[in-house]
Amino acid sequence: MSSLYQWRGTMIPRDPIAHLPTHEVINMPPHIGNQDLWEDDHALKHWVSQMGGGGHAGHFAHVGHVTGLDQTFEKANQANRHCPELRAFDRYGMRINAVEFHPAYHDLMNLAISNKVHNFAWHNEGNAGHLGQSALTYMFNQPEGGVMCPMAMTYSVVPSLRMTPAIAEEWVPRILSTEYDHRDIPVTEKTGAMIGMFMTEKQGGSDVRANSTVARPDGDGYLLTGHKFFCSAPMCDAFLVLANTKGKGISCFLVPRWRPDGTRNNLFIQRMKDKLGNKSNASTEMEFQDTYGIMVGEEGRGIRIIIEMVTGNRLYCAMSSAGIMRQALVQALHHASHRSAFQKRLIQQPLMQNVLADMAVEVEAALALGLRIARAMDHIDDPAEAALARIGTAVAKYWNTKRCPSLVAEALECHGGPGYVEESIMPRLYREAPLNSIWEGSGNVMGLDVMRAMEREAEAIPAVMAELEKARGKHLNLDRAIDDLRDELADKDMLESRMRTVTEMMALTLQGALLTCHGDSAVADAFCASRLAPRYRGVFGTLPKGLDFDAIISRALPVSQANIWTGGET
């Protein structure tokens, strides 16, 4: 390892001992340096293999290496510190509706696109494509979430585009490109393309049926007029948009940045959103005025068409949250492994061991749940797997995104004051953590989506219960939890008001079943003894006695840190 590392463009010695005029600084963790987000992650390699993705290990190893480099994390830091800027007009006063990004953002976009982070599933259809897509999402979200917004939308748009073969024939090959071309020019002149999605309007939010944007026929296309309230990644080459067509209800349209005649489309950016987190990613408000679009799918079926895109985005949210949790855990483990208090390293203190082991259990459970749903998406021709994918995306999205903020907060607390300053990655992870629970449907929307799947798809609940019954007899708490879920599902009284409870129970029992059937025994025992116990309240660091903290922490520790931890001794 080099004796220097880069910090804001300056090479800094890695020596953890700082020599100051007045005193010598000791007991401070060294810079974490390069990570390997594949080789260092025992759980990731295990679950990818268990779910059938081992054949892609070579690609994952490469991506894990380059994504975990110190310079990648530093570029993420720069892209978030130097936020995108709106450039509505050029120097001659011409309206161009452009957004300018820091060079670090473009470097990260190039890194992601060149490694198929936006299209891996479609290069590997029938060969663990969605599973691989999810593994890449998990790894790349650890250094940076902002650039992943256009990755997620471009990945998830393909099923919607395929509902209109002529559109798919024109656009899918551009999506399959692994070349990043950020030039603001007609897509026919570019080497690759990205696609976004604009649904939200001020008056409706998640209730897209309240959208007021209208579309009227014009030649071979339509002209759209309205206002979209949350338009992220506005420099994509095209966007899926919902709009009302006269007498037919809401339809779906592909709206390109440039018209077929080579002129700019009427995408009038009104302002940039100043967001809590996700700073590197541009989010805007946008006006449409006679904006050109092409109808996707059947007229009046826009919500059904765009839901195909939303499903992929929800899986992305579940895996993104799992990745954020993993990096927060890695940072906490690094700090606790090097910081001492009361004559012991923090990682040797019994209560800190409980906290770290508890967080490690949560991260692995989130990873296992997300990858199992991805596997179901890879086997959509099987009715049971298709049903599990349909209901499971909402379950995993709900639960992983709910657990992420509390875990990141606990990891930040492990650092004390140093974790609360901006030189640390922890504030950025903390700001990023709540996003996925909002994007693509809040917790209530997910609960209602689970209820709709229960009511409309006869195979949904049987598919879930069949998955759970595979684990019957492996742990008493899990058996009881499965029975409790069955009773809860049988009770239809005031079901809608109970859907958060029902969804949480589904998530926990699915995680418990996966861990006991396919996972590490120490992690599975800890999960069932805590999350599925009657007295569990969700606070980290409350694992009951009798569990193997050493084994759990050893499994969670990156390989590069393992030499400082051997059964609780340094």
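This dialogue goes through the fold, the core and one strand residue of a predicted model.

Trainee: How many helices and strands are in the protein chain?

Mentor: The protein chain has 20 helices and 15 strands. Its radius of gyration is 24 Å, close to the 25 Å from the globule rule for 570 residues, so the chain is as compact as a globular protein of that length. Along the principal axes, the C-alpha trace spans about 75 × 65 × 40 Å.

Trainee: What share of the contacts joins residues 24 or more positions apart?

Mentor: Among contacts with a separation of 6 or more, 71% are between residues 24 or more positions apart.

Trainee: Which residues have the most contacts inside the largest nonpolar core?

Mentor: Burial comes before the core: a residue counts as buried under 20% relative accessible area. Of the 570 residues, 59% meet that cut-off. The largest nonpolar core has 182 residues, and those with the most contacts inside it are Leu161, Leu356, Met359, Ile391, Met454 and Met506. Take Leu356: beyond residues up to four places away in sequence, Leu356 touches Leu329, Ala332, Leu333, Ala336, Ile347, Cys414 and Ile553.

Trainee: Is valine 99 buried or exposed?

Mentor: Valine 99 has a relative accessible area of 6%, and the cut-off for buried is under 20%, so valine 99 is buried. Valine 99 lies in strand S6, residues 95–100.

Trainee: Which residues is valine 99 in contact with, leaving aside neighbours within four places in sequence?

Mentor: They are Pro84, Glu85, Arg87, Pro234, Met235, Ile269, Met272 and Ala282.

Key:
Residues numbered from 1 in each chain as written. Predicted model: local features only at pLDDT ≥ 70, side-chain atom pairs only at ≥ 80, totals over all residues. Heavy atoms only, no water. Helix = DSSP H or I, 4+ residues; strand = E, 2+ residues; numbered from the N terminus. Rg over C-alpha atoms; globule rule 2.2 N^0.38 Å. Buried < 20%, exposed > 50% of the residue type's maximum accessible area, 1.4 Å probe, protein only. Contact = heavy atoms within 4.5 Å. Core = buried A, V, L, I, M, F, W, Y, C linked by side-chain atoms within 4.5 Å.
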